[in-house]
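Here are a few notes to read alongside the structure. Keep the 3D view open and look up each item as you go.

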Amino acid sequence: MTDMRDRVKELEERRRKLQPGGGPADIEKQHGRGKLTAWERIEKLFDPGTFQEIGIWTQPMKTGFDIDDRELPRDSVIVGYGEVNGRDVYAYAHDFTVLAGTQSTIQNSKVARAMEQAMEEGIPLVGMVDSGAIRIHDLFGRSGFKVPVRGSPVGGGGGFMYYPPLMSGVVPHISLMLGPCYAGSAYSPIMADFVIMRRNIAFMSVASPPILKAVTFVDVTEEEIGGALLHSEITGSNDLLVDSDEEAIEACRELLTFLPSNWKEKPPVVETGDDPKRAEEKLLDLVPTEVTQPYDMHEVLSLIVDNGHFFELQALYAPNMIIGFARLAGQSVGIVANNPAVGDGCVDVNSSDKQARFIRFCDCYNIPVITLVDTPGFLPSLDQEQSRDGLERNAAKPVFAICESTVPKITVYIRRVWGAGRLVMGTERMGCDAVYAWPSADIRVEGFDRAADALYKAEIETAENPEEMRRELMQKVHDEYASPYHLAGIQGTDDIIDPRQTRPVLINTLKRLSKKLEPSRPWRKHSLIPL
Amino acid sequence: MPGTTLGGDLDVAWPTVQRGLMGAEGAVSFIYKREFQAIEDEAAKQEKQAQRVAEMQQKFESLEREWAQEFIDPRDTRPFLIKAINTLKKRHEGRPERKHENIRL
């Protein structure tokens, strides 16, 4: 009869054996590829000594094939919780050293249960994906044909796809793609709020290159159909492009500091030590009043936010629109801004997507949205109108997002506010709580050539020199209607502000809005935003 | 279309159902790859492959019967669906409270 001390010794011994996951050779291979092991990633993510693993003892289901005889610790995934910068977070990390992290029933069951717990307990979830696709043995063995239990997390094979939509908007969900991820395995992590991918290491696509080749007879590389760069620049599926596991995890830790733990909380306030009353002389020189001159909106942002620190997201996708997180007097805010340095700051199909989803995310998690506007609106483009993406439908997304949101919203008209760009960036009638304008603001609801043609048709036609008359009248219309004073006259803006005071004005307005009460919205199952 | 695994209410199949990522041949070629590679003689290899495929197909059939909640005659599809919809009409399902979701746009 063994006594307690012997049993504890046995427990420690067993745990020590399971701890590394794969054997030393597998671990060396992982390191050889420039990747950390699952355990090393977990250790980097969490504050030291705070991680509590769940399910280190789990075994894969019996498949009826030869792999049943192999040691497969944890069924290839580490799941648990711990603290990240002092706040609890759940995480899962596929273990590539155990059978290439291939997906299986128990592995998915563990992940699904973690998702369910994160959702019920109001705690964010971080997924570290590194999985060589589905484990064929498991899929075709006994385990692949289990009698299904509806959406069940434990023991259910599909739960890890069922829970992301349920937890969406309840708790933040971040996916770190640190390895391959195909087909079914990809559906789950991509439904997260944010995706961070490693260049040259992370691949995400519906079909893997061998399958594509078998069906279409075209040779493609992993990079071409699912590389991190593709997802950062073209598909927009990736939010942050990084070059190492460490960089991905550091970025994830920082991203979490801008967010609350769940939808009922406000984001934490952080002491940044930056004077809330800081006026910036340089803001007088940055923005040319000549509307055809470009400048980089990033520079304006860096002068306004705390310590010039801006956490940009989707920097490579639709760079004509800037989104990201920053702090104002320590408070977390979401920034949305046109960038006249790229594509003249036009809005288009891709920027609409990018902008709308970010606003909806901020709305889910009580993060005020600050919008800086300088856009000529949509560039008329046959391509975009006729594209399968549908310009009109996509342009509606940010409008929908702004109107639907109840989070505090402040808009600042920096310079051009032309045409439909106005609606897409937010006006007071769409629920923006405060709208300010710089003296350089230039508001054009309609092009002044068309306005002049419509309003002064007779004068132009009967003039000696119609072209010149037209130009004069266009200028007249511009001078009367484009100025921010006219806009303020019709209550289109709360105040026209000295650019140097932008930061103090924003901080003061945020302070007032911090007590904003939740307005009642009609009850419905959910909205039907155009997708 | 995984049915109940994504929250659906019923998994019902026609007798022609064939679930899975790839057919029996594909699965066998992957799972028993090493076994086949070890056989030198071509004829013996083919025989073994055929045996494994037959085993796999039989396994599929018996497991398929365990999985589906109901197999129906295709001609009964319409009455079955109508009955199921009527039965499930009063089904109530909650969702976690939140302002709204954050679906990929």
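What share of the 531 residues in chain A is buried? Buried residues account for 49% of them. Please keep in mind that this is a predicted model.

1. **Overall picture.** Let's begin with the whole chain. Chain A holds 22 helices and 17 strands. Along the principal axes, its C-alpha atoms fill a box of roughly 110 × 55 × 45 Å.

2. **Contacts along the sequence.** Next, consider which parts of the sequence meet. If you take the contacts in chain A between residues at least 6 apart in sequence, 73% of them join residues at least 24 apart.

3. **A sheet to trace.** Try following the strands in the order β1-β2-β3-β4-β5-β7-β9 of chain A: they form an open sheet of seven strands with mixed pairing. Its edge strands are β1 (52-54) and β9 (240-242) of chain A, and each of these pairs on one side only. On average, neighbouring strands of this sheet are turned by 20 degrees against each other, if direction is ignored.

4. **One pair inside the sheet.** Now zoom in on β5 (residues 173-177) of chain A, which pairs with β7(A) in the parallel sense over four bridges. A good place to look is A:Ile174, which stands opposite A:Phe194 in β7(A).

5. **Helices against the sheet.** Which strands does helix α4 (residues 105-121) of chain A touch as it packs on the sheet? They are β2 (77-84), β3 (87-94) and β4 (125-129) of chain A, and the direction of α4 makes about 25 degrees with that of β2(A). Helix α11 (residues 245-257) of chain A lies across β2, β3, β4, β5, β7 and β9 of chain A, and runs at about 160 degrees to β7(A).

6. **A positive phi at A:Asn200.** Have a look at the backbone here. A:Asn200 is not a glycine, yet its phi is positive, near 65 degrees. You will find A:Asn200 in the loop between β7 (194-198) and β8 (203-205) of chain A. Why is A:Asn200 called partly exposed? Because 14 other C-beta atoms lie within 10 Å of A:Asn200, and the label covers counts between the exposed limit of 12 or fewer and the buried limit of 20 or more.

7. **A positive phi at A:Asp344.** Here is another residue to check. A:Asp344, again not a glycine, has a positive phi of about 60 degrees. A:Asp344 sits in the loop between β12 (331-338) and α14 (349-364) of chain A. With 17 other C-beta atoms within 10 Å, A:Asp344 is partly exposed.

Key:
Residues are numbered from 1 along each chain as its sequence is written. Chains are lettered from A and ligands numbered from 1 in the order in which they are written. This is a predicted model: local features need pLDDT of at least 70, side-chain atom pairs count only at pLDDT 80 or more; totals for chains, interfaces and linings use all residues. Helices (H or I, at least four residues) and strands (E, at least two) are DSSP runs, numbered from the N terminus. Two residues are in contact if their C-beta atoms, placed from the backbone, lie within 7 Å. Two strands pair if DSSP finds at least two bridges between them. Axes are lines fitted to C-alpha atoms, for helices over the stretch in contact, and angles run from 0 to 180 degrees between N-to-C directions.
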